[in-house]
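Here are a few exercises to try with the model open in your viewer. Have a go at each task before you read its solution.

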Amino acid sequence: MLTGSCHCGNASWTLQGDPGSITACNCTLCRRYGTLWAYDYEGERIALTGQTASYTRSGRETSSLEILFCPSCACVLSWRGLRLQKDGRRRMAVNMRLAPPELVADLPIDHFDGLDTFKDLPSDGRCVRDLWF
């Protein structure tokens, strides 16, 4: 199990099992937050604890997700889909930058073009360690 917590320690997440590869996205939110995402579903392998506040992009009628962050220190913990998938599950991702570096350093990074094409980009072979150290 991996855990991550905000800077002040008031909010945290857990992710059960292998997180797989981590996603770096260049959309207008992720590039500003500097997040690295691991995915699953609400109430399944991902759990949040502590108080969170949320941000949903304004000016769009069809926002697809909300960003959850600590209201005290403002660290971004996760995103959560605003609509259920066809199977009734809600997609979520947790910010791996909040996990202890030594536990996630070797996880491979996938790149996603959330800005222009909304497609996966070719792997460049980097892992989390390459961005942090």
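**Exercise 1: a small sheet**

In this predicted model, Ser 5 sits opposite Ser 12 of strand 2. Starting from that pair, work out how strand 1 and strand 2 run and how many bridges join them.

Solution. Step one: follow the two strands along their pairing, and you'll count 4 bridges between strand 1 and strand 2. Step two: check the directions, and the two turn out to run antiparallel. Step three: zoom out to the open sheet, which has 3 strands in the order 1-2-5, with antiparallel pairing. Step four: look at the edges. Strand 1 (2–5) and strand 5 (46–50) have a single partner strand each, so one side of each lacks a neighbour in the sheet. Step five: get the twist; ignoring direction, neighbouring strands here are turned by 15 degrees against each other on average.

**Exercise 2: the nonpolar cores**

Find the largest nonpolar core and say which strand gives the largest share of it.

Solution. Step one: collect the core, which comes to 22 residues. Trp 13, Ile 22, Leu 36, Leu 77, Met 96, Val 104 and Val 128 have the most contacts inside it. Step two: sort by strand. At least two residues each come from strand 2 (11–15), strand 3 (22–25) and strand 9 (91–95), and strand 2 gives the largest share, with 3 residues. Step three: pick out Trp 13 and skip residues up to four places away in sequence; its contacts include Leu 2, Ala 47, Leu 77, Val 94 and Met 96. Step four: look apart from this core for another one, of 10 residues, including Cys 27, Ile 67, Trp 79 and Phe 112.

Technical notes
Residues numbered from 1 in each chain as written. Predicted model: local features only at pLDDT ≥ 70, side-chain atom pairs only at ≥ 80, totals over all residues. Heavy atoms only, no water. Core = buried A, V, L, I, M, F, W, Y, C linked by side-chain atoms within 4.5 Å. Buried < 20%, exposed > 50% of the residue type's maximum accessible area, 1.4 Å probe, protein only. Contact = heavy atoms within 4.5 Å. Pairing = 2+ DSSP bridges. Axes fitted to C-alpha atoms, helices over the stretch in contact; angles between N-to-C directions.
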